[in-house]
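Me: Please take one part of this model and look at it closely. Keep the sentences short, and explain the terms as you go.

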Amino acid sequence: MNRCKIYSRWHMVPEQKKLMVPVRNILPNTPPLISRCNKPLAMNTEELLNILTYYHLQEFSSGRELIQALQEDEYARNLIAPAGGIHRSTFFDTVNYRGVEQLLYVFTELQKQAGAVLPAQHAHLGNLVAIDGSLIDSVLSMHWAEYNSSSNKAKLHLGFDLNHGIPRKLFLTEGKGAERPFVSSIIDPGQTAVLDRGYQSHPLFDEWQKDGCHFVCRIKGNTQKEVQEEFPLPESSYIFSDAKVLLGTPGVNQTQQAVRLVGYIIDDKTYWIATDRFDLTAEQVALVYKLRWDIEKFFGWWKRHLNVYHLFARSKNGLMVQILSGLITYLLLAIYCHEKHGEPVSIPRVRQLRSQIRNEAVQQATAYATRVKRSQRQRRRLKKYHAIF
């Protein structure tokens, strides 16, 4: 650990505190948590964020286990929990009914900060944002997360910055929520949405071009194509088609504006990619679509290693708080790993951080036990002294 000087004494700076450094300049401008009655809140936004980040890092299996640690563990009680301690009812009331506005602001500002710090991996291909939806298992009592008669699921709609490898924008709906309408909310003019076949929509292709938004979208192989112009193909390439076309059936769902359609074969599998990016080569278009796999890897990594499936709240507000805090934790880890190790987030580095935090907890517990023993010895000496005199 690094050291800092406080009141003329040197103290070790916990790794958890160093992880949270990027939010210091964000918190002063974050909307405050507001009590719904005359009773003051037991925690502020910074304390809530510290608790939730600790939850994701340490892989607690439930909110109750987290609260027990905050009440009984020396490290968590002194460095994570609010100064006056925390009760279970206070924590669950906060996450179920508050916190979304505050965490959304922190997430948005932290995403900008991470984008400025982390290196761009594919800048020559443009500002690429992969968009996809991911189902999150819910319990039957979560009536707002309707999916089918036998199960409830929520759906996270996420934009993922492919250049910097970080989440960008998000929306939460019931499991049956449609995915296509969220593209226009996630993508900004000048950016390129990278999409799978489920997002194919000819009216939306026209709308995105009209709004100045670009797209690279895989389409179904049986889609009707009206070729307007064919482009030369690279020699000895896996590309077998590159043309300017109108997609869909005339008079029914045909695109009003022509798009570029690139066809290629990889591992005996045929891909058709529609795009308005005429500035890229056909092979670059194929590469852009291949990068879409990064959002799938992110979903798998995030759900597995940052405790998305151990739900600590059943309200929509509570699930949004849990998702936002998990994404904030990922952004903090991305900045931390880049600045300390010069590399992207990885499982070994996260495990290393967890081990360091646990070691610090053991060190603090040992130091506390030493202080207690010293204090007990001093009291015994005082008793002997008073007994003599």
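Reply:
**The hairpin and its surroundings**

Strand 4 and strand 5 form a hairpin, with 4 residues between them. In that turn, Gly165 has a positive phi of about 70 degrees. The model is predicted: local features need pLDDT of at least 70, side-chain atom pairs count only at pLDDT 80 or more, and totals for chains, interfaces and linings use all residues. Residues are numbered from 1 along each chain as its sequence is written, and side-chain values use heavy atoms, leaving out hydrogens and water.

Helices (H or I, at least four residues) and strands (E, at least two) are DSSP runs, numbered from the N terminus. Two strands pair if DSSP finds at least two bridges between them. Strand 4 covers residues 152–161, and 8 bridges join it to strand 5. The two run antiparallel. One bridge links Asp161 to Ile166 in strand 5.

Now step back to the sheet. It is open, has 9 strands and shows mixed pairing. Its order is 5-4-3-6-7-11-10-9-8. Strand 5 (166–174) and strand 8 (225–230) are the edge strands, and each pairs on one side only. Neighbouring strands are turned by 30 degrees against each other on average, direction ignored.

Two helices belong in this picture. Helix 6 (residues 100–117) lies across strand 4 and strand 5, at about 150 degrees to strand 5. Helix 11 (residues 316–341) packs on the sheet and touches strand 3 (128–138), strand 4 and strand 5. Its direction makes about 170 degrees with that of strand 5. Contact means heavy atoms within 4.5 Å. Axes are lines fitted to C-alpha atoms, for helices over the stretch in contact, and angles run from 0 to 180 degrees between N-to-C directions.

What lies nearest the centre of the largest pocket? His164, Gly165, Tyr330, Pro344 and Val345 do, out of 22 lining residues. So Gly165 of the turn appears here again. A pocket is an open set of points on a 1 Å grid over the protein atoms alone, where a 1.4 Å probe fits, with protein on both sides within 12 Å along at least five of seven lines; lining residues have an atom within 4 Å of a point. Helix 10 (293–305) and helix 11 each supply at least two lining residues. Helix 10 gives the largest share, 4 residues.
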